Amino acid sequence: MQFEAFGSQEEGSAQGLLGKSVLRVCDMEVGWGQLTQIRAGSTPRALLSLQLVDGRCGDSLASTVGGATWACFLLGERALVRVRGPDSAPFLLGLLTNELPLPGPAVGEASTSARAGYAHFLNVQGRTLYDVILYGLPERSSEQPTFLLECDSSVVDALQRHLLLHRIRRKVTVEPCNELRVWAVLPCAPGEAGGVGPLRKKAVCAPVLTRDPRTYRMGWRLLSPDEGFALVPGGRLGDLQDYHRHRYQQGVPEGVHDLPPGVALPLESNLAFMNGISFTKGCYIGQELTARTHHMGVIRKRLFPVQFSGAIPGGGIAPGASVLTESGQAAGKYRAGLGDVGLALLRSEKIKGPLHIRTSESGLVALTASVPDWWPTATK
């Protein structure tokens, strides 16, 4: 898809628009930090373009402002926790692997200038407890700083207990945010794709639409009390299994099945590739092991997307099943998946050869590991 930001004739040049922190894209104000892969043009009326690629077919999804088709997936397995108060920012900084997505200034009563970021909460051993997408909501003079934490719905209570345990005397309120639902918005087939267009604001509260901070391959995140597909012109309700298949094909872990609490290591889970960690921020719980691993520069195992070939047992592949090379050597372990796609924690030097899993019925299921095209070139 392609977004175009138009400047006035008075601005006179691309530089005049590029200097702004908030752009109006298809009649929707979008924070500058939400736009990636920017290519500047030469005229005031065609200054920016942003391209998304559909990972299922690998074709670029070119589009125009008029009319589009988007698949909107209601993520019932994701929930929101609200953290607000004057101490909310320093409080979260001491617990998360990443800097906070500080929002842009509020514009009027309904602003879409929220920013999103990705991070993990770690335990003292440096292993992942909860993966979260953070939303920094725009601040107004009458409101306290507020952040929304999107997490696996099965750990909402555990995450709240974790936050309250470390709150101590900070002026912070932690509460569930049940009035908003989480939607993923992905472009459909190239012939149907188009611009996001203006969101139709509802009376209950203004929706939040922002790029998925993990990778451009994951499209957009929408938080709204309403039907997400009704807010996006050309939007349609998508099958949740299609979302998960797309996610696994892109090698993006999400939730407790892909990132078992107290088991997964953040750098082996590609947290750095998904913009989920800062190696320059202040201290946080679990930082020591993570920083030491990073500075050693050696990560022997990673989560890779895998695809099975041949018949799969009726009960699927068990999480933790050993992945073996052609000669029977251990290459890693299967983590989670859906149908014939999934994630496996594999030794990087083993992924190019034939791999298989031995099932409980003493059969062999062949699988192929791949390197996502959005990963840094040095890892391919």
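Trainee: How many disulfides does the structure hold?
Mentor: This is a predicted model, where local features need pLDDT of at least 70, side-chain atom pairs count only at pLDDT 80 or more, and totals for chains, interfaces and linings use all residues. Residues are numbered from 1 along each chain as its sequence is written, and side-chain values use heavy atoms, with hydrogens and water left out. A disulfide is a covalent bond between the sulfur atoms of two cysteines. Here a pair of cysteine sulfur atoms has to lie within 2.5 Å to count, and the number of disulfides is 0.

Trainee: Is Cys177 buried or exposed?
Mentor: Buried means under 20% relative accessible area, exposed over 50%, and partly exposed in between (1.4 Å probe, protein chains only). Cys177 has 2% relative accessibility, so Cys177 counts as buried.

Trainee: And Cys283, buried or exposed?
Mentor: Use those cut-offs again. Cys283 comes out at 66% relative accessibility, so Cys283 is exposed.

Trainee: In what order do the 6 strands of the barrel close?
Mentor: Strands (E, at least two residues) and helices (H or I, at least four) are DSSP runs, numbered from the N terminus. Two strands pair if DSSP finds at least two bridges between them. In this barrel the pairing is antiparallel, and the order is 13-16-15-14-17-18.

Trainee: Which residue of strand 18 stands opposite His356?
Mentor: Look at strand 17 (residues 355-358) and strand 18 (residues 364-369), which run antiparallel and are joined by 4 bridges. Across from His356, in strand 18, you'll find Ala366.
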